[in-house]
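The following exercises are to be worked through with the sequence and the coordinates at hand. Each task is followed by a solution in steps.

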Amino acid sequence: MSSLQGKTAIVTGASRGIGRQIAERLAALGAQVVVNYAASRETADEVVAEIAAAGGQAIAIQADVAKVEDIERLFAETIERLGKVDILVNNAGAMTNRLIGEVTEADFDRLFAINVKGTYFACQQAMKHMGEGGRIVNFSTSVLGAMMPSYSVYAAAKGAVEQITRQLAKEFGPKGITINAIAPGQVRTELFTTGKTQEQIEAFSKMNAFGRLGEPDDIAGAVELLVGDRAHWITGQTIRANGGFN
Ligand SMILES: NC(=O)c1ccc[n+]([C@@H]2O[C@H](COP(=O)([O-])OP(=O)(O)OC[C@H]3O[C@@H](n4cnc5c(N)ncnc54)[C@H](OP(=O)(O)O)[C@@H]3O)[C@@H](O)[C@H]2O)c1
């Protein structure tokens with residue numbers, strides 16, 4: 001296990017799902033963690049309490065990553081309360097599952113605001129505030145490789161996240177900061193299960209090499225890998241943490 005003692009991490013969208021597991025894992029490794037959320041204050045407070053009960057350190061900060069002023073406040077408040085930012089996990093994300101004829105302008109704008117604008121401007125804050133040894137992990141999706149109907153807007157937004165990750169690697173490199181993306185396959189969270197029948201969930205479970213759905217803990221392991229000291233030579237990459245989904 002890599003130690004994150006003395007590090008401070010912001011995990012966006014950490015009130016539930018994958019982000020919650022990442023926050024708990026980073027805290028267990030010794031980092032002080034900011035549990036960011038947009039609306040779910042109660043569950044974010046639960047995550048903080050759980051981390052504290054396990055002997056870790058965390059605070060919750062509300063910020064809607066679709067708004068640049070909220071992202072700026074998230075970083076300012078983190079620095080004011082915890083002193084610095086070493087790790088940024090741009091996990092907050094939103095999905096829509098609609099065929100092109102059903103997609104609205106509001107769907108499109110919301111998905112790009114949360115997934116793309118949120119990721120981009122959080123990276124801008126990291127450029128301003130993060131120092132040598134910093135780590136950024138963005139979130140894409142393995143749906144990108146599957147050309148599945150009804151995921152066009154989501155995949156377009158995550159495609160932009162992957163390209164942002166590649167583009168920014170050479171801007172962050174001179175500062176000694178790595179930036180990578182993780183592209184999970186199907187993971188058992190609200191985002192994945194909402195609107196799907198049990199049959200659909202079972203069908204998805206059979207699409208990877210292990211014949212089961214991914215769990216948030218599987219993805220937290222990939223984040224642990226990328227934020228550790230030994231990952232210092234990995235940058236600009238997208239890791240398809242998907243159990244061999246194709
Ligand atoms: N689950 C999967 O199968 C899967 C597969 C591939 C990629 N991913 C990606 O993995 C990431 C995490 O997904 P998940 O499945 O854990 O999602 P989830 O269960 O829906 O949780 C989403 C989290 O993001 C927060 N959030 C949503 N909008 C936000 C905003 N505007 N500002 C700040 N926080 C916001 C939510 O908090 P509030 O309740 O407070 O809004 C919640 O904590 C996403 O980027 C997703 O696209 C997931």
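Helices (H or I, at least four residues) and strands (E, at least two) are DSSP runs, numbered from the N terminus. The model is a predicted one, in which local features need pLDDT of at least 70 and side-chain atom pairs count only at pLDDT 80 or more, while totals for chains, interfaces and linings use all residues. Residues are numbered from 1 along each chain as its sequence is written, and side-chain values use heavy atoms, with hydrogens and water left out.

**Exercise 1.** Determine the secondary structure content of the protein and state how its radius of gyration compares with the globule rule.

*Solution.* Step one: the protein contains 8 helices and 7 strands. Step two: its radius of gyration, taken over C-alpha atoms, is 17 Å, and the globule rule (2.2 Å times the number of residues to the power 0.38) gives 18 Å for 246 residues, so the protein is as compact as a globular protein of that length. Step three: the C-alpha trace spans about 45 × 35 × 35 Å along its principal axes.

**Exercise 2.** Find what share of the residues counts as buried.

*Solution.* Step one: a residue is buried under 20% relative accessible area, exposed over 50%, and partly exposed in between (1.4 Å probe, protein chains only). Step two: by these limits, 51% of the 246 residues are buried.

**Exercise 3.** Which helices does the salt bridge between glutamate 50 and arginine 20 connect?

*Solution.* Step one: a salt bridge requires a side-chain nitrogen of Lys or Arg within 4 Å of a carboxyl oxygen of Asp or Glu; the count for the protein is 14. Step two: glutamate 50 and arginine 20 satisfy the rule at 2.9 Å, N to O. Step three: glutamate 50 belongs to helix 2 (residues 41-53) and arginine 20 to helix 1 (residues 17-28), so the pair ties together parts that are 30 residues apart in sequence. Step four: glutamate 50 is partly exposed at 40% relative accessibility, whereas arginine 20 is buried at 19%.

**Exercise 4.** Describe the salt bridge between arginine 41 and aspartate 45.

*Solution.* Step one: their closest N and O atoms are 3.8 Å apart. Step two: both residues lie in helix 2, 4 residues apart, which is about one turn of the helix. Step three: arginine 41 is exposed at 55% relative accessibility, and aspartate 45 is partly exposed at 38%.

**Exercise 5.** Which residues are linked with Glu77 and Arg81 in a network of salt bridges?

*Solution.* Step one: arginine 81 and glutamate 77 pair with their closest N and O atoms 3.0 Å apart. Step two: the two residues are 4 residues apart in helix 3 (residues 68-82), about one helical turn. Step three: the network also includes Asp70 and Arg73.
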